[in-house]
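Trainee: Got a minute? I'm new to this one and would like someone to walk me through it.
Mentor: Sure, let's put it up and take it piece by piece.

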Amino acid sequence: MKIVNLTPHPLVIQRTCPRCNGQTCEDSRGECQQGTITETVESSGIARVETTETVIGDVNGIPVVETEFGAVAGLPEQGWECRGKFVRFDETKPDWEPCQECGMRSTDSEPDHVFFAYVVSSITAQAILHRQDVYVPARPIRDDKGRIIDCAALGRIS
Ligand SMILES: [Zn+2]
Ligand SMILES: [Zn+2]
């Protein structure tokens, strides 16, 4: 699975090292830091939802706006890569069909296939709930000033 970051900021994911299970690897090759592996996925575009704002009134002179969400822009089509070629997922088919390129089942275990996990902002993810390949950063990790610096999970919004 290839993680594609479609938020404006680098995505920094911390996870428990599977080799030492959160202890510290004896022969650390630099990847395991006190049992944690940190992976950074740079932004490779921005998926955003189009919004329309209408002023519908005011509260003590402060405008109250209503936001209507429209189409999502900047998100690639759902599909997978087979031997370097993109194969589009056919939404009309009830299940994953045989790959149009190689004829094999379109599963993640197929070695020729690369699937994508698109990471977008929560507001964008809410506009495309039907897409199974869309994720948001989850389990935020904060620094000592309360700012979100990393995340420890990917989330699905339902
Ligand atoms: Zn380790
Ligand atoms: Zn294929």
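Trainee: Let me start with a detail. Which residue in E9 is the bridge partner of asparagine 5?
Mentor: That's valine 119. Keep in mind that we're looking at a predicted model.

Trainee: Okay. How do the strands E1 and E9 pair, parallel or antiparallel?
Mentor: Parallel, over four bridges. E1 covers residues 2–5, and E9 covers residues 113–119.

Trainee: Which way does E7 run against E9, parallel or antiparallel?
Mentor: Antiparallel, with three bridges joining them. E7 is residues 79–82, and its cysteine 82 has histidine 113 as bridge partner in E9.

Trainee: And how many bridges join E9 to E10?
Mentor: Two, and that pair runs parallel. E10 spans residues 134–142. One spot to click on is tyrosine 118, which stands opposite valine 134 of E10.

Trainee: Back to E7 for a second. What does E7 do with E8?
Mentor: E7 and E8, the latter being residues 85–88, pair in the antiparallel sense over four bridges. Glutamate 81 stands opposite phenylalanine 86 there. The two strands form a hairpin with two residues between them, and arginine 83 takes a positive phi near 50 degrees in it.

Trainee: Which other residues have a positive phi without being glycine?
Mentor: Glutamine 34, at about 50 degrees, is one. Arginine 139 is another, with phi near 50 degrees.

Trainee: Where do I find glutamine 34?
Mentor: In the loop between strand E3 (32–33) and strand E4 (36–41).

Trainee: Is it buried or exposed, and why?
Mentor: Glutamine 34 counts as exposed because it has 11 C-beta neighbours inside 10 Å, and the cut-off for exposed is 12 or fewer.

Trainee: What about arginine 139, where is that?
Mentor: Arginine 139 is in strand E10. It's exposed too, because it has 12 other C-beta atoms within 10 Å.

Trainee: Let's change topic. What makes up the largest nonpolar core?
Mentor: Twelve residues, among them Val4, Leu6, Leu11, Ile13, Tyr118, Val119 and Val134. E2 (11–16), E9 and E10 each supply at least two residues of this core.

Trainee: Valine 134 came up before. What does valine 134 touch?
Mentor: Tyr118, Val120, Ala125 and Ile128, not counting residues up to four places away in sequence. Tyr118, which stands opposite valine 134, is in that list.

Trainee: How much of the chain is buried overall?
Mentor: Buried residues make up 13% of the 158 residues.

Trainee: How does the radius of gyration compare with that of a compact globule?
Mentor: The chain has 20 Å, whereas a compact globule of 158 residues would be near 15 Å. Its C-alpha atoms fill a box of roughly 65 × 50 × 25 Å along the principal axes.

Trainee: And how many helices and strands are there?
Mentor: One helix and eleven strands. Along the sequence the pattern goes β-β-β-β-β-β-β-β-β-α-β-β.

Trainee: What share of the contacts comes from residues 24 or more positions apart?
Mentor: 45%, taken out of the contacts with a separation of 6 or more.

Trainee: Can you show me some of those far-apart pairs?
Mentor: Here are two that you can check by C-alpha distance. Proline 8 and valine 120 are 112 residues apart along the chain, and their C-alpha atoms are separated by 9.0 Å. Isoleucine 149 and isoleucine 13 are 136 residues apart in sequence, with 9.4 Å from C-alpha to C-alpha.

Trainee: Where is proline 8, and what does it touch?
Mentor: Proline 8 is in the loop between E1 and E2. Leaving out residues up to four places away in sequence, it touches Ser43 and Ile46. Proline 8 is exposed because 10 other C-beta atoms lie within 10 Å.

Trainee: Same tour for isoleucine 149, please. Which strand is isoleucine 149 in?
Mentor: Strand E11, residues 148–155. Beyond its neighbours within four places in sequence, isoleucine 149 is in contact with Val12, Ile141, Arg142 and Asp143.

Trainee: Is isoleucine 149 buried or exposed?
Mentor: Exposed, because it has 12 other C-beta atoms within 10 Å.

Technical notes:
Residues numbered from 1 in each chain as written. Chains lettered and ligands numbered in written order. Predicted model: local features only at pLDDT ≥ 70, side-chain atom pairs only at ≥ 80, totals over all residues. Pairing = 2+ DSSP bridges. Core = buried A, V, L, I, M, F, W, Y, C linked by C-beta atoms within 7 Å. Buried ≥ 20, exposed ≤ 12 C-beta atoms within 10 Å, placed from the backbone. Contact = placed C-beta atoms within 7 Å. Rg over C-alpha atoms; globule rule 2.2 N^0.38 Å.
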